[in-house]
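Me: I'm new to this structure and would love a close look at one part of it. Could you start from a single strand and tell me what surrounds it, then follow the contacts outward?

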Amino acid sequence: MERACAELAGAAPTETVRVRTGPKTAVYRVQLADGRRVVVKLFAADVSHSAADEARLLAVVAESGRVRVPAVIGHGPVPGLTVCALITSDAGSNTLRDAVRAGQMPLPAALLRLALLMAAFHTIEAPAGVRLAPGIGQQVSALATNCPRQLFVRLAPALEVIAGGARRERLVWCHGDLHLENVIRGADRRLIAGLSGEPHLPEYVVDFEAATVEAPEYDLAQTLVTCDALEPSDRVFMAAAYGRPVDTPLLDAYVAFQAVRGWTYAARREGRDRDAWAARLRLALPPQTERTVL
């Protein structure tokens with residue numbers, strides 16, 4: 001951490017708080033000796049999405065003026081180590097999840113903010129030459145290898161809908177993981193003017209590791225699954241709040257896909273949030289599916 005801050009931010013850390021640690025990345029909030037507060041994200045050497053990739057993605061989003069993101073301070077390899085780091089300004093620690101838990105915002109209002117942010121993000125043209133997450137074909141291939149066969153077979157009808165519904169002319173740049181903890185509430189709660197002069201939300205969007213180009217329903221489904229908003233009324237509300245045309249059968253198919261994918265990698269392989277992912281499977285797939293594999 002000291003090397004990353006000294007080399008990439010030009011100041012030593014005086015206070016460090018770990019935000020989260022995953023298999024490939026770790027995130028810290030840091031107070032620097034010169035008074036700046038920053039967020040340091042460390043990437044393992046073998047991760048497919050590097051610090052340079054995320055820095056370029058943040059730059060494209062910032063330039064669009066449609067969605068707020070933290071400013072990039074520095075990025076690159078950490079001298080003497082096998083990791084690379086991305087250092088950004090600290091947008092704060094109060095996420096939409098925190099606001100919902102504290103009773104400052106009801107869940108429907110938070111979902112509305114996510115839908116509006118997503119709609120704005122989907123209008124940004126995906127940057128050329130920047131490595132994005134695997135497309136749906138590669139994800140399905142990887143899932144087939146890691147998912148229990150009986151569960152994957154039950155997912156087949158949804159995959160058929162996805163194969164026929166994700167038409168090329170409807171593809172957008174998807175965040176890939178836009179949930180309540182990846183949105184930081186801005187200090188100013190009012191709508192503010194972006195670079196385009198149009199008003200937009202004050203929240204900051206973070207974590208672009210899963211950015212990819214897919215149908216918008218892919219992104220909507222991931223948000224519904226990770227926010228535990230899987231009742232039919234939740235899906236209707238999220239689609240309406242998104243405010244752009246949504247293919248309902250395709251959305252339902254992607255909900256099933258995202259639930260199975262999340263359970264396979266998070267609960268089954270990494271042992272994280274097993275009860276939460278089991279509940280998501282129950283709501284996203286027919287009951288007989290989860291009884292077979294859980």
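Reply: Here is a walk that begins at strand β5 and then moves on to other contacts.

A word on the ground rules first. This is a predicted model, in which local features need pLDDT of at least 70 and side-chain atom pairs count only at pLDDT 80 or more, while totals for chains, interfaces and linings use all residues. Residues are numbered from 1 along each chain as its sequence is written, and side-chain values use heavy atoms, with hydrogens and water left out.

Let's find β5. The names of the elements come from DSSP runs, numbered from the N terminus: helices are H or I with at least four residues, and strands are E with at least two. Strand β5 covers residues 84–89 and runs antiparallel to β4 (residues 72–77), with five bridges joining them. Two strands count as paired if DSSP finds at least two bridges between them. Along this pairing, A85 in β5 faces G76, and I87 faces G74. The two strands make a hairpin, with six residues between them. In that turn, G80 has a positive phi of about 85 degrees.

β5 has another partner too. Strand β3 (residues 37–43) also runs antiparallel to β5, and six bridges hold them together. One of the matched positions is V39, whose bridge partner in β5 is T88. As for how enclosed the strand is, five of the six residues of β5 are buried, so the rest of the structure largely encloses it. (Buried means under 20% relative accessible area, exposed over 50%, and partly exposed in between, using a 1.4 Å probe and protein chains only.) In a regular strand, the side chains alternate between the two faces of the sheet.

Now step off the strand into the loop between β5 and α3 (96–101), where D90 lies. The side chain of D90 meets that of R29 in a salt bridge, at 2.6 Å from N to O. A salt bridge here is a side-chain nitrogen of Lys or Arg within 4 Å of a carboxyl oxygen of Asp or Glu. R29 belongs to strand β2 (residues 25–32), so far along the chain that 61 residues separate the two partners. R29 is partly exposed, at 27% relative accessibility.

That contact is one of 14 salt bridges in the whole structure. Another of them joins E217 and R170, whose closest N and O atoms are 2.5 Å apart. E217 sits in helix α7 and R170 in the loop between α6 (149–165) and β6, so this bridge ties together parts that are 47 residues apart in sequence. The two ends sit in different surroundings: E217 is buried, at 0% relative accessible area, whereas R170 is partly exposed, at 23%. There is also a network, in which salt bridges with shared partners join R20, K41, E54, D207 and E209.

D207 deserves a pause. This residue lies in the loop between β10 (204–205) and β11 (212–214), and its relative accessibility of 12% counts as buried. Most residues other than glycine have a negative phi. D207, however, has a positive phi, near 65 degrees.

Next come the rings. The structure holds three aromatic pairs. One of them is F121 with W173, a tilted pair with 4.7 Å from centre to centre and 40 degrees between the planes. This pair bridges distant parts of the chain, since F121 is in helix α4 and W173 in strand β6 (residues 172–174), 52 residues apart. Both rings are tucked away: F121 is buried at 4%, and W173 at 2%. Together with F208, these two residues form one aromatic cluster. (Rings of Phe, Tyr and Trp, the last by its six-membered ring, pair if their centres lie within 6.5 Å; planes under 30 degrees apart count as stacked, over 60 as edge-to-face and the rest as tilted.)

Finally, helix α4 (residues 107–121) also holds L112, which is partly exposed at 33% relative accessible area. Together with L116 and F237, L112 forms a nonpolar surface patch of about 220 Å² accessible area. Patches are made of residues with over 30% relative accessible area and no salt bridge, joining like charges within 9 Å and nonpolar side chains (Val, Leu, Ile, Met, Phe, Trp, Tyr) within 5 Å. The areas come from the Shrake-Rupley method with a 1.4 Å probe, and for residues only the protein chains shown count as cover.
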